[in-house]
Amino acid sequence: MGILYLCGAGNSEGVRLARNVVRDTGSAARLVLLDDDPAKHGSEVLGVRVEGPFALLAGADPRNDRVVNFVARTTPKRWAARLRIAAHGVPFASLVDCSIDVFGAELPQDVIVYRNATVGPLVTLGEGSVVFMGGIVGHGSALGPGCIVGPNAVVNARVRAGEGVYLGANATVLPDVKIGSWATIAAGSLVVRDVPEGATVMGVPGRVVMTFGVRMQLGEFKALPLPYRTRLEGQARRSSLTHATIG
Ligand SMILES: CC(C)(COP(=O)(O)OP(=O)(O)OC[C@H]1O[C@@H](n2cnc3c(N)ncnc32)[C@H](O)[C@@H]1OP(=O)(O)O)[C@@H](O)C(=O)NCCC(=O)NCCS
């Protein structure tokens, strides 16, 4: 039993989840918080000390220690943090609130599921994904890597989402809808039809208010390292061809 490193001190809900899971499962001897903001070093969140930057993972023991990524402000920032963490070779742990029934769902060894969330049967979650408090992923849905399901967001049955999709709090996605990679669904929106890659959708019913290309120009993806951005720029160019047809 080793140390569970928690990356991202701004997420006190995450620290509470980690404390509860470790208490209920005995899966770690100690919790250590890491954050790349020097102003936070030495402070405590719910009794867990921020010991330094992510780079301290260089001193971790990959055989016994585990790490979780609590960065969740946007999916590009989350994925960029994941790449920085992964570079140290410490395996990621899953943190799933112990009260949650995940029987029949397929969860990789790197997801976070908060209390009161629902992960339906035959659901698959991609590595690095998060389902926040009260979020629902309906039966048969499949989310790609690095997706965030915000508090009380509802992903109905058989929804397909690509990588890096962000669903804000209380967003609802109707059954069988397909959501392209890196799309953002604004808080409280209702998604009634397929969403193109990288689009921001807002409102009830949801409309595309921003395209992948525009979001790219505004710098929303600049946190990602160059090879990723180059790939996404290619995707954005291709997907912009279809935007004119989306309501
Ligand atoms: C979609 C979102 C990412 C856009 O953020 P942003 O680019 O910073 O947008 P802004 O705040 O500048 O708002 C732009 C416009 O959209 C409107 N708007 C923002 N969010 C909205 C929403 N959820 N529904 C309807 N309108 C919204 C704003 O009022 C503003 O309108 P205006 O131009 O007429 O003044 C953000 O609004 C959002 O919904 N985030 C989700 C937050 C959340 O649920 N977090 C959960 C914690 S895990």
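The following paragraphs describe the ligand surroundings, strand pairing and nonpolar core of a predicted model. Residues are numbered from 1 along each chain as its sequence is written. Because the model is predicted, local features need pLDDT of at least 70 and side-chain atom pairs count only at pLDDT 80 or more, while totals for chains, interfaces and linings use all residues.

There are 13 residues around the ligand (C-beta atom, placed from the backbone, within 6 Å of it), and Gly150, Gly168, Ala169, Ala186 and Ala187 come nearest. The shell comprises 7 nonpolar, 6 polar and no charged residues; Ala, Val, Leu, Ile, Met, Phe, Trp, Tyr, Cys and Pro count as nonpolar, Asp, Glu, Lys and Arg as charged, and the others, Gly among them, as polar.

Strands are DSSP runs (E, at least two residues) numbered from the N terminus, and two strands pair if DSSP finds at least two bridges between them. Strand E4 (residues 48-52) runs parallel to strand E2 (residues 30-34), to which 2 bridges join it; Leu33 has Val50 as its bridge partner in E4. Strand E3 (residues 44-45) is antiparallel to E4, also with 2 bridges, and Glu44 is partnered with Arg49. E3 and E4 form a hairpin with 2 residues between them, and Leu46 in the turn has a positive phi of about 50 degrees.

The largest nonpolar core (buried Ala, Val, Leu, Ile, Met, Phe, Trp, Tyr and Cys residues joined through C-beta atoms within 7 Å) has 75 residues. A residue is buried if 20 or more other C-beta atoms, placed from the backbone, lie within 10 Å of its own. Tyr5, Leu6, Cys7, Val68 and Val149 have the most contacts inside this core. The core draws at least three residues from each of domain 1 (3-93) and domain 2 (96-238), with bounds from an automatic or database domain assignment. Apart from neighbours within four places in sequence, Val149 is in contact (C-beta atoms, placed from the backbone, within 7 Å) with Val130, Val131, Phe132, Gly135, Val137, Val155 and Leu167.

Technical notes: Helices (H or I, at least four residues) and strands (E, at least two) are DSSP runs, numbered from the N terminus. A residue is buried if 20 or more other C-beta atoms lie within 10 Å of its own, exposed if 12 or fewer, and partly exposed in between; C-beta atoms are placed from the backbone. Two residues are in contact if their C-beta atoms, placed from the backbone, lie within 7 Å.
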